[in-house]
Amino acid sequence: MDDDETILFAIRDFLELHGFSVDEAATCAEAEARYRADVYDAVTLDYSLPDGNAIDLLPRLKAIDPGVPIVLLTAHARIELAVRAIQLGAEQFLVKPLDLPALLVVIQRALENQRNRRKQLARDSLEQPQRAVDPFIGQSAAIRRLEEQSRLAAATESPILIRGETGTGKSELARWLHRHSSRASEPMLELNCGGFTREFLETELFGHEKGAFTGAVSAKVGLLEAANRGTVFLDEIGDMDVQIQPRILKALEEKRFRRLGAVQDQKVDFRLVAATHQQLDRLVQEQRFRSDLFYRISAIQIFVPPLRERAEDIPTFAQRILDRLTGECGREPMRLSASALTKLQDHSWPGNIRELRNVLERALMGARSPELEAADLDFAASPQGQSQEPLSSLTLKELERHHISQVLQEEGGHVDRAAKRLGIPRSTLYQKLKSLRS
């Protein structure tokens with residue numbers, strides 16, 4: 001950005017010769033308009049422009065995208081001007097007549113520093129607990145289909161919606177998709193949308209300015225801003241407050257958002273991966289999820305099959321989890337007996353992989369030998385453990401209890417939603433819950 005066409009030409013020609021793609025602007029207004037419309041890796045900014053100066057323009061550019069390094073060029077070699085420029089966020093201050101090789105070194109160093117910061121953030125964001133498991137363990141047809149679909153999806157830039165029951169490993173698959181995408185060297189940041197207030201989600205996603213609300217004693221960087229150029233994973237997106245959904249849609253479609261309390265939009269470039277255990281199309285019909293956001297995020301859908309649909313994978317899965325558990329607690333490796341494996345495969349696993357881990361963890365705590373037997377496996381203590389008898393053998397009261405519990409579980413414990421699905425008033429559901437527990 002410069003008002004001297006000769007300097008503009010020289011910089012453009014020199015940088016293009018060294019492999020850069022260059023845009024130009026001759027005024028503050030033109031520069032700001034271009035900066036809002038596109039994403040740049042670096043900016044050179046002349047101090048004096050026909051409609052203003054760099055000291056006025058710098059804060060406006062930084063408000064739009066604070067992560068882009070800006071190199072200030074000036075014919076005025078004043079120390080106070082250089083200090084002010086650095087305070088406002090300039091990466092470097094160069095004096096004319098311009099030494100083009102020096103400018104190249106400054107830009108290359110700034111871009112390298114930027115890449116290193118992003119790589120570190122990416123490494124930090126991908127540090128997973130030791131208990132994390134491979135999303136494609138096993139050889140069943142269902143898991144092989146999942147792997148094939150995931151590889152195809154990872155190669156795209158489109159939003160991805162991961163569907164599946166609670167505990168099936170949707171979060172692990174989301175992380176795998178990021179690691180195998182073109183954004184793998186950039187950060188992946190996660191947020192579970194369930195159980196939080198609209199205000200909390202809003203400030204976590206979009207950030208806020210100092211003084212935006214009571215208690216906002218300093219500015220906060222939101223998840224979208226921190227994950228710029230990387231991946232945003234929104235778990236349980238079906239629980240997202242409907243008032244926030246239009247803002248997420250705008251960020252997806254227009255690549256911009258606004259912090260709470262801010263007056264200007266900021267550019268952002270992220271790939272969205274969302275997950276839910278709910279039927280979003282049903283939530284759309286019930287006006288609990290926006291149809292436009294649903295269509296935007298569901299162009300690519302991946303369904304993670306429940307554990308009961310790939311029972312042949314359970315022996316491999318269980319041994320892998322058991323190996324991790326023994327490693328975490330420093331115990332000698334353990335194995336599962338034939339009777340234990342049979343018992344595991346006969347279980348219906350309403351809690352899926354999460355329940356399997358819990359069962360094995362409890363068994364490991366009480367184990368006295370290097371081999372787990374069927375008697376060591378206790379399903380009754382599982383949070384979702386229910387009678388394993390076929391439904392046809394249940395009494396009407398037991399069947400009603402089973403169905404109500406299942407609906408409540410699927411709705412995350414929300415009584416209003418469960419009552420609506422069951423077709424009864426909330427007061428009636430409360431009465432049934434009370435009578436069924438008696």
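Axes here are lines fitted to C-alpha atoms, for helices over the stretch in contact, and angles run from 0 to 180 degrees between N-to-C directions. Helices (H or I, at least four residues) and strands (E, at least two) are DSSP runs numbered from the N terminus. This is a predicted model, in which local features need pLDDT of at least 70, side-chain atom pairs count only at pLDDT 80 or more, and totals for chains, interfaces and linings use all residues. Residues are numbered from 1 along each chain as its sequence is written, and side-chain values use heavy atoms, leaving out hydrogens and water.

**Exercise 1.** Find the angle at which H13 and H15 pack, and classify it.

*Step 1.* Locate helix H13 at residues 314-329 and helix H15 at residues 352-366.
*Step 2.* Their axes are 10 Å apart, at an angle of about 50 degrees.
*Step 3.* Angles under 35 degrees count as roughly parallel, over 145 as roughly antiparallel, 65 to 115 as roughly perpendicular and the rest as oblique. H13 and H15 are therefore oblique to each other.

**Exercise 2.** Work out which residues of H13 and H15 meet.

*Step 1.* Contact means heavy atoms within 4.5 Å.
*Step 2.* From H13, the residues include Phe317, Ile321 and Leu325; among their counterparts in H15 are Ile353, Leu356 and Leu360.

**Exercise 3.** Trace the order of the five-strand open sheet and find its edges.

*Step 1.* The order is E7-E10-E13-E6-E14, with parallel pairing; two strands pair if DSSP finds at least two bridges between them.
*Step 2.* E7 (188-192) and E14 (300-303) each have a single partner strand, so they stand at the edges.
*Step 3.* From one strand to the next, the twist averages 20 degrees.
*Step 4.* E7 pairs with E10 (residues 231-235) over five bridges, and Met188 stands opposite Thr231 in E10.
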